[in-house]
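The exercises below ask you to work through a structure one element at a time, and each is followed by a solution in steps. Please try each task on the sequence and coordinates before reading on.

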Amino acid sequence: MNEQTSGPDEAFQPSQPEPPARPPRQPVFNLPPALLATLLLLILIYAVQSLLPVYWSRWFLFSFGFIPLRYAVSLAEQGPQLYWTPVTYSLLHGSVEHIVFNGLWLMAFGAPVVRRIGTARYIIFWVLSSAASAALHAALNWGSEGLLIGASGVVSGLMGAACRFAFPPGRQMFGPAHLNPRLSVTQAVQSRTVIMFMLFWLVGNALIAVGIPLVGDGSQEIAWDAHIGGFVFGFFLFALFDRKLPPEPVPTPDDELQS
């Protein structure tokens, strides 16, 4: 049997380099799972609410929306709704524009906050900022029969929280926003970026307060005071929810030689 042997050129021929691996595809919306679940929950609740007959839709809003009048009368005249509506109202919305607008802002400012504080603290933050927004709204509209719904108060709370870390001093950001050091209240109000953002936010709410809507149907009343309650809560009390940042890696001699 004849054997075929390779020549010296073939035996020592270098192998062809492998093509570089393709980088992994990044998702279009790189959202924390807790935030994605929140958006899906808001959409599901609105879809169910939209499919209800008129009578049941009114009952649904009455039972889960926030009404300041509930707290201006004696408890004997009230049902149990006053205990859960300071939170459940934040899961309801009045139109597609309403939920889309809140959803966009929730993705923008909720993502860095959720990545920083984690799911459990995010849920607690949602509950308490919702209640804080409703409390200021009730205080300024005491005895009103008006219905408050929407997540904008919580979104404003997330905006206030983001002001404490998402806008670091200086113009350069060296890493993900959620890993920035937390600014004290004094440092935050001395930051030009934070001040400009807060002024923009205040002007927007001032326009809403005088009846000039920024988006959506101008005939629909917007609770600007609930926005302020949420923002103040998030800005001043964010430190109670913040977690200790992971320590920065200490460079070793090997790292310095490689650099």
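**Exercise 1.** Determine which residues of helix H3 (residues 54-64) are buried, and find the helices against which these buried residues pack.

*Solution.* Start with accessibility: in helix H3, the buried residues are Ser57, Phe60, Leu61 and Ser63. Then follow their contacts, which show the buried residues of H3 packing against H2 and against helix H4 (81-88). Keep in mind throughout that this is a predicted model.

**Exercise 2.** Describe the overall make-up of the protein in terms of its helices and strands, its buried fraction and its accessible surface.

*Solution.* Begin with the elements: the protein has 10 helices and 0 strands, so that the order from the N terminus reads α-α-α-α-α-α-α-α-α-α. Next, consider burial, where 38% of the 259 residues are buried. The accessible surface is about 16600 Å², and carbon and sulfur atoms account for 64% of this surface. Finally, take the contacts between residues at least 6 apart in sequence, of which 78% join residues at least 24 apart.

**Exercise 3.** Decide how far helix H6 (residues 152-162) is enclosed, and characterise its packing with helix H9 (residues 224-237).

*Solution.* First, count the burial: 11 of the 11 residues of H6 are buried, and therefore the helix is largely enclosed by the rest of the structure. Among these buried residues are Val154, Val155, Leu158 and Ala162. Second, take the geometry, in which H6 and H9 pack at an angle of about 35 degrees with their axes 6 Å apart, in a right-handed crossing. Third, list the residues that meet: H6 brings Ser152, Gly153, Ser156, Gly157, Met159, Gly160 and Ala161, while H9 brings Ala226, His227, Gly230, Phe231, Gly234 and Phe235. Sorted by type, the residues of this contact comprise 5 nonpolar, 8 polar and no charged.

**Exercise 4.** Identify the residues with the most contacts inside the largest nonpolar core, and trace the elements that give two or more residues to this core.

*Solution.* The largest nonpolar core holds 38 residues, and Leu106, Cys163 and Phe231 are those with the most contacts inside it. Two or more residues each are given to this core by helix H2 (33-51), H5, H6, helix H8 (192-209) and H9, with H5 supplying the largest share, 10 residues. To look at one of the well-connected members, set aside residues up to four places away in sequence; Phe231 then touches Ser156, Gly157, Met159, Gly160, Cys163, Phe197, Met198 and Trp201. A second, separate core has 7 residues, including Tyr89, Ala134, Leu148 and Ala226.

**Exercise 5.** Establish whether Ser133 and Leu41 count as buried, partly exposed or exposed, and place each in its surroundings.

*Solution.* Ser133 lies in helix H5 (residues 96-140) and counts as buried because its relative accessibility is 0%, below the 20% cut-off. Apart from neighbours within four places in sequence, Ser133 is in contact with Tyr89, Gly153, Val154, Ala226, Gly229 and Gly230. Of these partners, Tyr89 and Ala226 also appear in the second core, and Gly153 and Val154 are among the buried residues of H6. Leu41, by comparison, is located in helix H2 and counts as partly exposed because its relative accessibility is 39%. As a last step, examine Leu41 with Leu91: although the two are 50 residues apart along the chain, their C-alpha atoms are separated by 8.0 Å.

How values were computed:
Residues numbered from 1 in each chain as written. Predicted model: local features only at pLDDT ≥ 70, side-chain atom pairs only at ≥ 80, totals over all residues. Heavy atoms only, no water. Helix = DSSP H or I, 4+ residues; strand = E, 2+ residues; numbered from the N terminus. Buried < 20%, exposed > 50% of the residue type's maximum accessible area, 1.4 Å probe, protein only. Contact = heavy atoms within 4.5 Å. Axes fitted to C-alpha atoms, helices over the stretch in contact; angles between N-to-C directions. Left-handed = near helix turned anticlockwise from the far one by under 90°. Nonpolar A, V, L, I, M, F, W, Y, C, P; charged D, E, K, R; others polar. Core = buried A, V, L, I, M, F, W, Y, C linked by side-chain atoms within 4.5 Å. Areas by Shrake-Rupley, 256 points an atom, 1.4 Å probe, with all protein chains shown as cover.
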